[in-house]
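This report is written to accompany the structure displayed below. Please keep the sequence and the three-dimensional view at hand while reading.

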Amino acid sequence: MSINVVTLIGRVGNDPDMKYFESGSVKCRLTLAVNRKTRNSDEPDWFELELWGKTAEIAGTYVRKGKQIGVKGSLKFDSWSDRNTGVKRSKPVIVVDQLELLGSIKDTQNAILDSSSNNF
C-alpha cells in the first residue's frame with residue numbers, strides 16, 4: 001500500500017497560466033505560497049500547482065494573485081535535460097484534484113469583476 005496525498009492552504013503567487021489543447025483539455029499552472037513559521041522569520045515555501053479540466057477552468061475564472069486557496073492533490077516530479085549543460089533536472093509539482101476558494105465572497109466577486117473588465 002502507498003499514499004501520495006498533499007493538502008495545502010496558502011496564497012496564490014501569480015495569476016493563472018492557462019493552456020487550451022486541441023483535444024479540448026485545459027491545463028492551469030499556479031504557484032502557491034504557504035507560510036512556514038521558524039524562529040527567525042516567516043519565510044513562505046513555494047509550491048507549483050498543476051490543475052486540469054473543470055478544476056483548471058474554475059481556477060482560471062475565480063483565482064487571482066494574492067487569493068487564499070486550499071488544494072488537495074498528489075506530488076509528482078517533472079524532469080528534463082538542461083538545454084545548455086545536458087544535466088538532468090527535476091522539480092516537484094502538486095497535481096491538484098480538489099480546489100477550495102477561501103476568503104470572503106467579496107474577494108471572489110472582485111476577482112470576477114477584475115477578469116470581466118479586461119476586454120481585449
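Is Pro92 buried, partly exposed or exposed? The answer is given under the second heading, after a short overview.

## Overview of the chain

The structure is a predicted model. The average pLDDT of the protein chain is 87, and 86% of the residues reach a score of at least 70. Over residues 112–120, however, the pLDDT is below 50. Beyond near neighbours in sequence, that stretch has 3 contacts in the model.

The protein chain contains 2 helices and 6 strands. Read from the N terminus, the order of the elements is β-β-β-β-α-β-β-α. Of the 120 residues in the protein chain, 30% are buried. Among contacts with a separation of 6 or more, 56% are between residues 24 or more positions apart.

## Pro92 and Glu50

Pro92 belongs to strand E6. Its relative accessible area is 46%; because the range for partly exposed runs from 20% to 50%, Pro92 counts as partly exposed. Not counting residues up to four places away in sequence, Pro92 touches Glu48, Leu75, Lys76 and Phe77. Between the C-alpha atoms of Pro92 and Ser79 the distance is 9.0 Å, and these residues are 13 residues apart along the chain.

Glu50 is found in strand E4. With a relative accessibility of 3%, Glu50 counts as buried, whereas Pro92 is partly exposed. When residues up to four places away in sequence are not counted, the residues touched by Glu50 include Lys27, Cys28 and Arg29. Also among them are Lys76, Asp78, Val93, Ile94, Val95 and Val96.

## Strand pairing

Strands E5 and E6 run antiparallel and are joined by 13 bridges. Within this pairing, Trp80 stands opposite Arg89 in E6. The two strands form a hairpin with 6 residues between them. In its turn, Gly86 has a positive phi of about 80 degrees.

Strand E5 also pairs with E1: the two run antiparallel, with 6 bridges joining them. One example is Arg11, whose bridge partner in E5 is Gln68. A further antiparallel pairing, over 4 bridges, links E2 and E3. Here Met18 has Cys28 in E3 as its bridge partner. E2 and E3 make up a hairpin with 5 residues between the strands, and Gly24 in this hairpin takes a positive phi near 100 degrees.

## The nonpolar core

In soluble globular proteins, nonpolar side chains tend to be buried together. How many residues does the largest nonpolar core of this model have? The number is 18, and the residues with the most contacts inside the core are Leu30, Leu32, Leu49, Leu51, Ile69 and Val71. Two or more residues are given to this core by each of the strands E1, E3, E4, E5 and E6, and by helix H1. The element that gives the most is E3, with 5 residues.

Ile69 offers a view of the surroundings of one core residue. Leaving aside neighbours within four places in sequence, Ile69 is in contact with Leu8, Ile9, Gly10 and Val12, among others. Its further contacts include Leu30, Leu32, Leu49 and Val63, as well as Leu99, Glu100, Leu101 and Leu102.

## Helix H1

Which residues of H1 are buried? They are Thr55, Ala56 and Ala59. These residues cover an arc of only 100 degrees around the axis, and therefore lie on the same side of H1. An α-helix has 3.6 residues a turn, so residues three or four places apart point the same way. The cover over the buried residues of H1 includes E2, E3, E4 and E6.

## The aromatic pair

A search of the whole structure finds 1 aromatic pair. The ring centres of Phe21 and Trp52 lie 5.9 Å apart and their planes meet at 20 degrees, so the pair is stacked. This pair links distant parts of the chain, 31 residues apart: Phe21 is in the loop between E2 and E3, while Trp52 is in strand E4.

How exposed are the two partners? Phe21 has a relative accessible area of 37% and is partly exposed. Trp52, at 38% relative accessibility, also counts as partly exposed.

Definitions and conventions
Residues are numbered from 1 along each chain as its sequence is written. Side-chain values use heavy atoms; hydrogens and water are left out. A nonpolar core is a set of buried Ala, Val, Leu, Ile, Met, Phe, Trp, Tyr and Cys residues joined through side-chain atoms within 4.5 Å. Buried means under 20% relative accessible area, exposed over 50%, partly exposed in between (1.4 Å probe, protein chains only). Contact means heavy atoms within 4.5 Å. pLDDT is the predictor's confidence in each residue, from 0 to 100. Two strands pair if DSSP finds at least two bridges between them. Rings of Phe, Tyr and Trp (its six-membered ring) pair if their centres lie within 6.5 Å; planes under 30 degrees apart count as stacked, over 60 as edge-to-face and the rest as tilted. The arc is that of the directions from the helix axis to the C-beta atoms.
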